[in-house]
Amino acid sequence: MPQIAPSILAADFANLQKEVEMLNASAADYIHVDVMDGIFVPNISFGLPVTEAIHRHATKPLDVHLMIVNPELYLEDFVNAGAAVLTVHVEACTHLHRTLQEIKRLGVKAGVAINPHSPIELLSEILEEIDLVCLMSVNPGFGGQKFIEHTYSKVANLKKLLLQTGSNALIEVDGGVSDQNARRLVEAGADILVAGSFVFGASDPLATIASLKSISV
Ligand code: DX5
Ligand code: ZN
């Protein structure tokens, strides 16, 4: 059974409390919070005050995905805003080892996201510091994009690498996840599925989350 992390990016921002309460009542394991700065990615979503507001109403842990340059400048702020998992991009971190140590020193789980073009081998020397690897299955920046099919083999290869190295890191897949690809992703080794538009665009988001959650392979 995968863990499910609905992305609040696809929610109705004018009714954020209601949307968070819906997720509280759902089978979701996390609330995925997409922070975009308009520099690392070509879009601006929201930042600290909105993350903090989500946290005030959430009973599920916040899985905060930082799509920002220089994320090391804001780690403590996002932990104070309620992050339980803090994920930075390998492409945005010159000193990734130091950044991961700092995230863990702050007492939360350390995640590393990698863009579709980045090889998983970029992480091979640092897996023991990582609690979660977020494989981007779209180019980060927007919800509602088409799933990149190459992700299946990337998940499988990462799973192999984690087993070889004895790493306990979880594999998260983020972008374009739906009932069209979720089962195959879990079969390949995905532990956490992020889903934005598939959940919030559904006529019954609760049932949609439950159906993703019930995948067993
Ligand atoms: C993309 C974000 C994703 C996105 C997922 O930049 O990191 O988390 O919100 O949304 P969907 O599921 O609509 O692709
Ligand atoms: Zn994300």
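This is a short chat about a predicted model, its cores, one strand and its ligand.

User: Before we start, what should I know about the numbering and the model?
Analyst: Residues are numbered from 1 along each chain as its sequence is written, and chains are lettered from A and ligands numbered from 1 in the order in which they are written. This is a predicted model, where local features need pLDDT of at least 70, side-chain atom pairs count only at pLDDT 80 or more, and totals for chains, interfaces and linings use all residues; side-chain values use heavy atoms, leaving out hydrogens and water.

User: Cool. How many residues are in the largest nonpolar core?
Analyst: It has 63 residues, and Ile 8, Leu 86 and Leu 123 have the most contacts inside it. A nonpolar core here is a set of buried Ala, Val, Leu, Ile, Met, Phe, Trp, Tyr and Cys residues joined through side-chain atoms within 4.5 Å. Buried means under 20% relative accessible area, exposed over 50%, and partly exposed in between (1.4 Å probe, protein chains only).

User: Which helix gives the largest share of this core?
Analyst: Helix α5, residues 151-165, with five residues. Helices (H or I, at least four residues) and strands (E, at least two) are DSSP runs, numbered from the N terminus.

User: And what's in the second core?
Analyst: That one is separate and has 10 residues, including Ala 5, Tyr 30, Ala 113 and Val 138.

User: Back to Ile 8. Where is it found?
Analyst: Ile 8 sits in the loop between β1 (3-6) and α1 (16-24). Ile 8 is buried, with a relative accessible area of 0%.

User: What does Ile 8 touch?
Analyst: Not counting residues up to four places away in sequence, its contacts (heavy atoms within 4.5 Å) include Phe 13, Leu 16, Val 33 and Phe 200. Ile 31 is another one of them; Ile 8 and Ile 31 are 23 residues apart in sequence, but 6.8 Å apart in space, C-alpha to C-alpha.

User: New topic: which residues of β3 are buried on each side?
Analyst: Leu 62, Val 64 and Leu 66 on one side, and Asp 63, His 65 and Met 67 on the other. Strand β2 (residues 31-36) runs parallel to β3, joined by six bridges, and strands pair if DSSP finds at least two bridges between them. Val 33 stands opposite Val 64.

User: Last one: which side-chain contact does ligand 1 make with Asp 174?
Analyst: An N or O atom in the side chain of Asp 174 is 2.6 Å from an oxygen atom of ligand 1. A backbone N or O atom of Gly 141 also lies 2.7 Å from a ligand 1 oxygen atom.

Methods
Polar contact = N/O pair within 3.5 Å; in protein donor to acceptor, adjacent residues only side chain to side chain.
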